Structure formats: C-alpha cells, structure tokens
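Hi everyone, thanks for coming. I'd like to walk you through a protein model today, so please have a look at it with me.

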Amino acid sequence: MKKFNQLLIIPFLIACGASQHTSSKPPKIVGNWQWMQTSGGFAGITKTPESTNTIKHLQITADSIFYYENGELTNSQPYQLQLAKSMLSNKEEWQLNETISKVFINRKDSTLVLWEDCYDCFTHKYLKMNRK
C-alpha cells in the first residue's frame, strides 16, 4: 500500500515542478489590449483609467507595439520576445527587448501583464479587447 501511495505522489510532484518553469513557447500577445491598472514605484501607487481619467491601449503586432492614449498614437516600437532571467522572479521569463530598462511580459487568459524588472518599478495590467 505504501508503494502505491508513493506512486500516486510522483505525478503530483512532477506537475508541481513543471509549473515552476516558463513555457518554451512565447505567450500569444498579438492583438489589442485595454489598460486596466499600473501599480508600484517607490511610493507604491496605483493608477487606473478612473483615477487618471485616461484611456490607454496597446496594439501589438507580430513585431511592433503601438501605444495609444485617449485614442491618439503616442509611441511605437519594434519588439522581439526572448527568454531572460528576471531579477524579481529569479527565473527565466519572456522579455520584450534587451534594453537597459528590462520589461518582461506574461499572459494569463485574457490578462496581459508587463513589469519593469526592478524593485521600485511599475507593473502594468491590460485586458484583451474583443474584436469588433
């Protein structure tokens, strides 16, 4: 009976260990994303569309990100996803570009999270916009 119980635990341990690793496939981020919240910084602030009276969204293509604020294009830049070690999570994560200010990205269902990789930086959350 002990051996049977031990055999039942092995798949559980393997599943738990596997969840600790970032997928070798980049997250699917192409599309339009509506800004929901920005939080962090030295003061630990939180900003939302309601608190700033600002509507922001990202349009992400296969190789570029377009930043919009209140319907106006404010910035655009090319990107290339690559695995890199995050200082905050201490593991391999998907990084947008290799620059001085590292920005990592993760998608879970319809939520996209971008975080600046430093202790007093910001985390930005976006919600996938429905196609019209």
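Let me start with a question: which residue has its charged end over the ring of Trp35? The residue is Lys56, and its charged end lies 4.7 Å from the centre of that ring. Please keep in mind throughout that this is a predicted model.

Now the overall picture. You are looking at 132 residues, and 26% of them count as buried. The protein has 10 strands and 2 helices. If you follow the chain from the N terminus, the order is α-β-β-α-β-β-β-β-β-β-β-β. Taking the contacts with a separation of 6 or more, 40% are between residues 24 or more positions apart. As for the outside, the accessible surface is about 9,600 Å², and carbon and sulfur atoms hold 56% of that.

Let's go inside next. The largest nonpolar core has 14 residues, and the ones touching the most other members are Leu58, Ile60, Ile105 and Leu112. At least two residues of this core come from each of strand E1 (31-40), strand E3 (56-60) and E9. Let me pick out Ile60 for a moment. Apart from neighbours within four places in sequence, Ile60 contacts Ile29, Val30, Gly31, Trp33, Ile65, Tyr79 and Leu112. Leu112, you'll recall, is another of those residues that touch the most other core members.

On to the aromatics. How many aromatic pairs are there? The count is 1. The partners are Phe104 and Trp115, and their ring centres are 5.7 Å apart with planes at 20°, so the pair is stacked. Phe104 sits in strand E8 and Trp115 in strand E9 (residues 111-116), so this pair ties together parts that are 11 residues apart in sequence. Are these two rings on buried or exposed residues? Phe104 is buried, at 0% relative accessible area, and Trp115 is buried too, at 13%.

Right beside Phe104 in sequence comes Val103, which is also found in strand E8. At 22% relative accessibility, Val103 counts as partly exposed, because buried means under 20%. Leaving out neighbours within four places in sequence, Val103 contacts Trp94, Gln95, Leu96, Leu114, Trp115 and Glu116. So Trp115, the stacked partner of Phe104, turns up in the contact list of Val103 as well. Another distance to try in your viewer is the one from the C-alpha atom of Val103 to that of Cys118: 9.4 Å, for residues 15 apart along the chain.

Two polar residues to finish. Ser64 belongs to strand E4 (residues 64-69). With a relative accessible area of 16%, Ser64 is buried. Its side chain makes a polar contact of 3.3 Å with the side chain of Asp63. Beyond neighbours within four places in sequence, Ser64 contacts Gln59, Gln77, Pro78 and Tyr79.

And where is Asn97? Asn97 is in the loop between strand E7 (92-95) and strand E8 (103-108). What does the side chain of Asn97 reach at 3.0 Å? That would be the backbone nitrogen of Gln80. Setting aside neighbours within four places in sequence, Asn97 contacts Gln77, Pro78, Tyr79, Gln80 and Gln82. Compare the lists and you'll see that Gln77, Pro78 and Tyr79 are contacts of Ser64 and of Asn97.

That's my tour, and I'm happy to go back to any of these spots with you.

Terms used:
Residues are numbered from 1 along each chain as its sequence is written. This is a predicted model: local features need pLDDT of at least 70, side-chain atom pairs count only at pLDDT 80 or more; totals for chains, interfaces and linings use all residues. Side-chain values use heavy atoms; hydrogens and water are left out. Helices (H or I, at least four residues) and strands (E, at least two) are DSSP runs, numbered from the N terminus. Buried means under 20% relative accessible area, exposed over 50%, partly exposed in between (1.4 Å probe, protein chains only). Contact means heavy atoms within 4.5 Å. Accessible areas come from the Shrake-Rupley method with a 1.4 Å probe; for residues, only the protein chains shown count as cover. A polar contact is a pair of N or O atoms within 3.5 Å; within protein, one must be able to donate a hydrogen and the other to accept it, and residues adjacent in sequence count only if both atoms are side-chain atoms. Rings of Phe, Tyr and Trp (its six-membered ring) pair if their centres lie within 6.5 Å; planes under 30 degrees apart count as stacked, over 60 as edge-to-face and the rest as tilted. A charge sits over a ring if NZ of Lys or CZ of Arg is within 6 Å of the ring centre and within 35 degrees of the ring normal. A nonpolar core is a set of buried Ala, Val, Leu, Ile, Met, Phe, Trp, Tyr and Cys residues joined through side-chain atoms within 4.5 Å.
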